Amino acid sequence: MASIRIRNLVKRFGNVTVIPDLSLDIPDHEFVVLVGPSGCGKSTLLRILAGLESVNEGDVYIGEERVNTVPAAKRDIAMVFQDYALYPHMTVRQNMAFALEMRGMSKAEIEERVQKAAKLLHIDGLLDRRPKALSGGQRQRVAMGRAIVRDPKVFLFDEPLSNLDAKLRAQVRAEIKALSQQLRTTMVFVTHDQIEAMTMADRIVVMQSGVIQQVGSPEEVYEKPANMFVAGFIGSPSMNFIPARMTDGEICLEDGVSFPAERLFPVRSQAIEAGQPLTLGVRPEHFLFAPDDPAAFKAQVSLVEPLGSDTLVHFTAGGIDAVARVSPDLRPKPGDVLPLIPAPNKVHLFMPETGEAIC
Amino acid sequence: MTSTPSADRWIGYLNTVLLMVAGIIVVAPTLWMVLSSFKFSHEVTAYPPTLFFTPTLTNYVSLWERTPFIQYGINSAVVTSASTALGILLGTPAAFVVSWTRITWPAIVTLLARMAPGTLFLLPWYLMFRQIDMIGSYWALILTHAVITMPIVIWVLLPFFDNIPRSIFEAAQVDGCSPIRVFYRIALPLVSAGLSVSSILAFVFSWNYFLFALVLSNSDTKTLIAASFNFIGEGSTNWGALMAAATLIALPPLVLAIIVQRWLVSGLTLGAVKG
Ligand SMILES: Nc1ncnc2c1ncn2[C@@H]1O[C@H](COP(=O)(O)OP(=O)(O)O)[C@@H](O)[C@H]1O
Ligand SMILES: [Mg+2]
């Protein structure tokens, strides 16, 4: 068990800079999820922590030790790979025992640990099989088992659920979370799937192009996104971004749709200068159906996606295209007009040029 | 393009015919060799070759009586086995490192050495081995035959190593393996099919290579194939004995190939590693 400290990390492949300058602290016991679009450098960062990739500049500490030049074998970390990377010529038992054997542990203790981990993951019936004779889900469990028998300082996961089907993924997601609460070991989990990040993390690190965009709890990154990238990346369907302008007490959208500012921002409306161009961010779930509200605008329904629990409504209003999540009881149909209004205090404002959130 | 059933049938016929032609090209000389070994010398060179004749063991008997055939056989076995072992011992880690680091020039160099005509090496080696008084020793032959076996081992094994997902090696490192342990605990067991293929090929090529033995051996260490050259041109060539010797020499690689046939095929087509 150990904390992780990364200071001014720079990573280049040839003359391509993948991570320009990254600092991050991960406290002991924390379950951190690195999330970001494909190719943003998540795996590279994880592999640097594992010792599988070198560092160009900066420092990496695991616990109190600076590990920049410590080889993977000596870092006492465990890693679950995207393709599981099980040893094909070994049985499940041997796969799980391998790392312990490398550490010179006694046969009896190895067997005890393997049994315990196998029970925990419900693979105790598979111990004598080869990886070839396992299903995808079982292989995934073996890969996890190989990590948890170790009792390492840190667990690293590189998109370990991406090769599972949707149902299994949801199940394993919950299991990993339960496991993390049981083991209390520092975990760094990489994924491009924001739902995995939201559901599992103690803290989420949102990355883009090798740069950390925001670090925060799932609630924080959802409720207070630092910029438009985070706002658009976290949450599904994505936040609607609507160009707007502040005029005396009103927020005007294109084509004359406008709201009284204090309706949307009872608290913070003073901070915004009049005439300033803004980007309004509204999540689909934050449009309210408001038939009796005079401030509501008329949303022309263009497409309806029922999800069962909610219904997604694609609509236009003035020059705006947006998505709202409404109650399925409304039974909207294309062509309907719904009176909608953004929920007070749920609307985000961004600077259009920089994408930074305005508080 | 869609293929009609009749086109398929024609492709099938063509396949059969081509395979038969290939078969005849390969088998005919072998058959000729084996048959000739049971003929009297004057019959061997008869034209057209006779298919029906009274077989005789004269050639084999004379081979036995006139040459230390067993000794040559032992020489060949020693040199070939040892040079194959040496080739595996050196070539396997070399192939692993080339595959791991993706630094390919050492493999290219061995390939060039292998493709260069053997005569190129002869003079320097002759002088070198004479200097250290090793002409006629087994070691001179074993070491020089490693030039035959090692490139084969490297080039046969390279795709086997390349075929192992890199993450497996990385997992092993994370699990606490030093690179050397990664090699013998993980990589080596995963290329066992490649090891058998490369040892067989190395064995066959080393067994059949005569040039180095011709120069670097003496009458005690002469290999079978080099010795069989003595049948050519001692006044008149003893074709019958030569064919008998050739038949016996061809036997071990052939038997080996038949025994490990299934391994060889599955090894040559790879896929052995993927789970
Ligand atoms: N070994 C490598 N050599 C060169 N470029 C690499 C290498 N590994 C990764 N990259 C590049 O670094 C960037 C980040 O890759 P990666 O960390 O795998 O992204 P992610 O895991 O977030 O999808 C990508 O643009 C990728 O092409
Ligand atoms: Mg990745």
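**Exercise 1. Determine which parts of chain A are tied together by the salt bridge between A:Glu30 and A:Arg203, and how exposed each partner is.**

Step 1. In this predicted model, A:Glu30 and A:Arg203 form a salt bridge in which the closest N and O atoms are 2.9 Å apart.

Step 2. A:Glu30 belongs to the loop between β2 (16-26) and β3 (31-35) of chain A, whereas A:Arg203 belongs to strand β9 (residues 203-208) of chain A, so the pair links parts that are 173 residues apart in sequence.

Step 3. With a relative accessible area of 14%, A:Glu30 is buried, since the cut-off for that class is under 20%; A:Arg203, with 22%, is partly exposed.

**Exercise 2. Work out what the salt bridge between A:Arg93 and A:Glu111 connects.**

Step 1. The closest N and O atoms of A:Arg93 and A:Glu111 lie 3.3 Å apart, and the rule for a salt bridge accepts such a pair within 4 Å.

Step 2. Helix α2 of chain A holds A:Arg93 and helix α3 (residues 107-120) of chain A holds A:Glu111, so the salt bridge ties together parts that are 18 residues apart in sequence.

Step 3. A:Arg93 is partly exposed, with a relative accessible area of 24%, and A:Glu111 is also partly exposed, with 29%.

**Exercise 3. Describe the interface of chain A and chain B by its residues, its buried area and its polar pairs.**

Step 1. On the side of chain A, 24 residues are in contact with 19 residues of chain B.

Step 2. The two chains bury about 1,800 Å² between them, and 60% of this area is on carbon and sulfur atoms. The residues of chain A that lose the most area to chain B are A:Tyr87, A:His89 and A:Met102, which together account for 28% of what that side buries.

Step 3. There are three salt bridges between chain A and chain B, and one pair that meets in this way is A:Glu101 with B:Arg185, at 3.0 Å from N to O. The rule for polar contacts finds 11 residue pairs across this interface.

Step 4. Each of β6 (77-80), α2 (92-102) and α4 (136-148) of chain A supplies at least two residues of the side that touches chain B, and α2(A) gives the most, with four residues.

**Exercise 4. Characterise the contact between the two assigned domains of chain A.**

Step 1. The domain assignment gives domain 1 (4-233) and domain 2 (240-350), and their centres, taken over C-alpha atoms, are separated by 39 Å. Domain 1 brings eight residues to the contact and domain 2 brings seven residues.

Step 2. The domains bury about 650 Å² between them, with 63% of it on carbon and sulfur atoms. In domain 1, A:Tyr222, A:Met228 and A:Ala231 lose the most area to domain 2, together 74% of what that side buries.

Step 3. The count of salt bridges between these domains is zero, while two residue pairs are in polar contact across their interface.

**Exercise 5. Explain why strand β19 of chain A is largely enclosed, and identify strands that pair with it.**

Step 1. Five of the six residues of β19 (residues 337-342) are buried, so the strand is largely enclosed by the rest of the structure.

Step 2. Strand β15 (residues 287-289) pairs with β19(A) in the antiparallel sense over three bridges, and A:Leu288 stands opposite A:Ile341.

Step 3. Strand β16 (residues 297-306) also runs antiparallel to β19(A), joined by four bridges, with A:Ala299 as the bridge partner of A:Leu338.

Key: Residues are numbered from 1 along each chain as its sequence is written. Chains are lettered from A and ligands numbered from 1 in the order in which they are written. This is a predicted model: local features need pLDDT of at least 70, side-chain atom pairs count only at pLDDT 80 or more; totals for chains, interfaces and linings use all residues. Side-chain values use heavy atoms; hydrogens and water are left out. Buried means under 20% relative accessible area, exposed over 50%, partly exposed in between (1.4 Å probe, protein chains only). Two strands pair if DSSP finds at least two bridges between them. Domain bounds come from an automatic or database domain assignment. Contact means heavy atoms within 4.5 Å. Buried area is the accessible area (1.4 Å probe) that two parts lose on being put together, summed over both. A salt bridge is a side-chain nitrogen of Lys or Arg within 4 Å of a carboxyl oxygen of Asp or Glu. A polar contact is a pair of N or O atoms within 3.5 Å; within protein, one must be able to donate a hydrogen and the other to accept it, and residues adjacent in sequence count only if both atoms are side-chain atoms.
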